[in-house]
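Student: Could you walk me through how to read the features of a structure like this one?

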Amino acid sequence: MSARIRLFHVDAFAERLFEGNPAAVCPLEHWLDDAVMQAIAAENNLSETAFFKPATDGFDLRWFTPAHEVDLCGHATLATAHVLFEHYDYLQPRIRFHTRSGELHVARSGEWLEMDLPAREPQRCEAPPELVRALGAEPAEVWCADDYLAVFDAAAIVRQLQPDVDLLRQLDRRGVIVTAPGEGVDFVSRFFSPKLGVPEDPVCGSAHCALTPYWARRLGRARLQAHQVSRRGGRLLCELRDLRVAVSGRAVTYLRGEIEIQGAAAA
């Protein structure tokens, strides 16, 4: 017995190929066994693989890193919406996704896709000694939500950080966001989550669920321009809307293909 599964490789938060954050997207008719989906994500070896299937009022959506299923992933949600709009001729202006983080929506506005995500309001906290050692630099402030949020005074510091990922893996949060005031944008950031098998995520939508409330309150305005300054890099538009965050970006398809699964794994 064998099964063929369509696969799309999409660069999310990208205006052209080879930038932004790559995600794999696999459309399904029904869920595969969890172990098979995890194995596919590990084989893809991208920071996220998204699986979606039809639901009565939208789509069910799940996300897997190479090591774990996660509760929320922004860039793979953006990539999934791109696949539905561009390759499945989805005609409605807004897509509803049912996820482990509740109901999410993605709307199309020209070439931009706007995600409606839950805000993760960070709280000021003491910097764990392991965090400072792992980053190799002392943040001006440390906040925490799902991740630690380390705030620095200059974008150049954020760009130059070379964290010890083994030390980051030992921290008690999902990952570490580093951020600073921007150059030509409102703020810059990077995101590290080796605990989930992602040493550095090129552009992380879910990290902006905490970054947006922080910078909106610090700068005194709801609409913000952001740049994640990883090697690939990516630009985002963010807006704080009470308990929600709108995160917008563009996406480009890199590859379309099929996965062929044989034997018991296909059952």
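Tutor: We'll take salt bridges, then a helix, a surface patch, and the hollow spaces. Keep in mind that this is a predicted model.

Student: Fine. How many salt bridges does the structure hold?

Tutor: General idea to begin with: side chains of opposite charge can pair when their charged atoms come close. In this structure there are 24 salt bridges.

Student: Pick one for me. Which residue does R62 meet in a salt bridge?

Tutor: R62 pairs with D34 through their side chains, at 3.0 Å from N to O. R62 sits in strand 4 (residues 58–64) and D34 in helix 1 (residues 34–44), so this pair ties together parts that are 28 residues apart in sequence.

Student: And is R62 buried or exposed?

Tutor: Compare the relative accessible area with the cut-offs: under 20% is buried, over 50% is exposed, and partly exposed is in between. R62 has 15% relative accessibility, so R62 counts as buried. Its partner D34 has 42%, so D34 counts as partly exposed.

Student: What about the salt bridge of E200, which residue is the partner there?

Tutor: That one is R190, and the side chains meet at 2.8 Å, N to O. The pair links distant parts of the chain, with E200 in strand 14 and R190 in strand 13, ten residues apart. E200 is partly exposed because its relative accessible area is 27%, while R190 is buried, at 8%.

Student: Which residues do salt bridges with shared partners join into one network?

Tutor: That network brings together D34, R62, E69, D71 and R100. You've already met two of its members, D34 and R62, as a salt-bridged pair.

Student: One more pair, please. How far apart are the closest N and O atoms of R169 and D166?

Tutor: They are 2.8 Å apart, and the two residues form a salt bridge. R169 is partly exposed, with a relative accessible area of 38%. D166 also counts as partly exposed, at 46% relative accessibility.

Student: On to helices. Why is helix 6 largely enclosed by the rest of the structure?

Tutor: The trick is to go through the helix residue by residue and ask which ones are buried. In helix 6 (residues 208–219), nine of the twelve residues are buried, so the rest of the structure largely encloses this helix. The buried ones are H208, C209, A210, L211, T212, P213, Y214, W215 and A216.

Student: What follows helix 6?

Tutor: G220 does, and its phi is positive, near 75°.

Student: Now the surface. Which residues form the nonpolar patch?

Tutor: For a patch, you look for suitable residues that sit together on the surface. Here L17, F18, Y254 and L255 form a nonpolar one, and together they have about 390 Å² of accessible area. Y254 belongs to strand 18 (residues 251–262) and is partly exposed, at 43% relative accessible area.

Student: Let's do the hollow spaces. How many cavities of 30 Å³ or more does the count give?

Tutor: A cavity is a space where the probe fits but cannot get out, whereas a pocket is open. The count for this model comes to one cavity of 30 Å³ or more. The largest cavity has about 130 Å³ of space. Its lining has 17 residues, and those nearest its centre are E48, R174, F191, D201 and C204.

Student: Which elements each supply at least two residues of that cavity's lining?

Tutor: Helix 2 (74–87), strand 13 (187–193) and strand 14 do. By class, the lining of the largest cavity splits into seven nonpolar, seven polar and three charged residues.

Student: And the pockets: what is the volume of the second largest pocket?

Tutor: About 280 Å³. Of the 15 residues lining this pocket, S47, V198, E200, P202 and R232 are the closest to its centre. Strand 2 (21–27) and strand 14 (198–201) are the elements that give two or more residues to the lining, and strand 14 has the largest share, three residues.

Student: How do the residues of that pocket's lining divide by class?

Tutor: Six are nonpolar, five polar and four charged. You can tie this back to the salt bridges through E200, which is among the residues closest to the pocket's centre and also pairs with R190.

Technical notes:
Residues numbered from 1 in each chain as written. Predicted model: local features only at pLDDT ≥ 70, side-chain atom pairs only at ≥ 80, totals over all residues. Heavy atoms only, no water. 1 Å grid on protein atoms, 1.4 Å probe; cavity = no way out; pocket = protein on both sides within 12 Å on 5 of 7 lines; lining within 4 Å. Points joined across faces, edges and corners; volume = space filled by probe spheres on them. Helix = DSSP H or I, 4+ residues; strand = E, 2+ residues; numbered from the N terminus. Nonpolar A, V, L, I, M, F, W, Y, C, P; charged D, E, K, R; others polar. Patch = residues over 30% accessible without salt bridge, like charges linked within 9 Å, V, L, I, M, F, W, Y side chains within 5 Å. Areas by Shrake-Rupley, 256 points an atom, 1.4 Å probe, with all protein chains shown as cover. Salt bridge = Lys/Arg side-chain N within 4 Å of Asp/Glu carboxyl O. Buried < 20%, exposed > 50% of the residue type's maximum accessible area, 1.4 Å probe, protein only.
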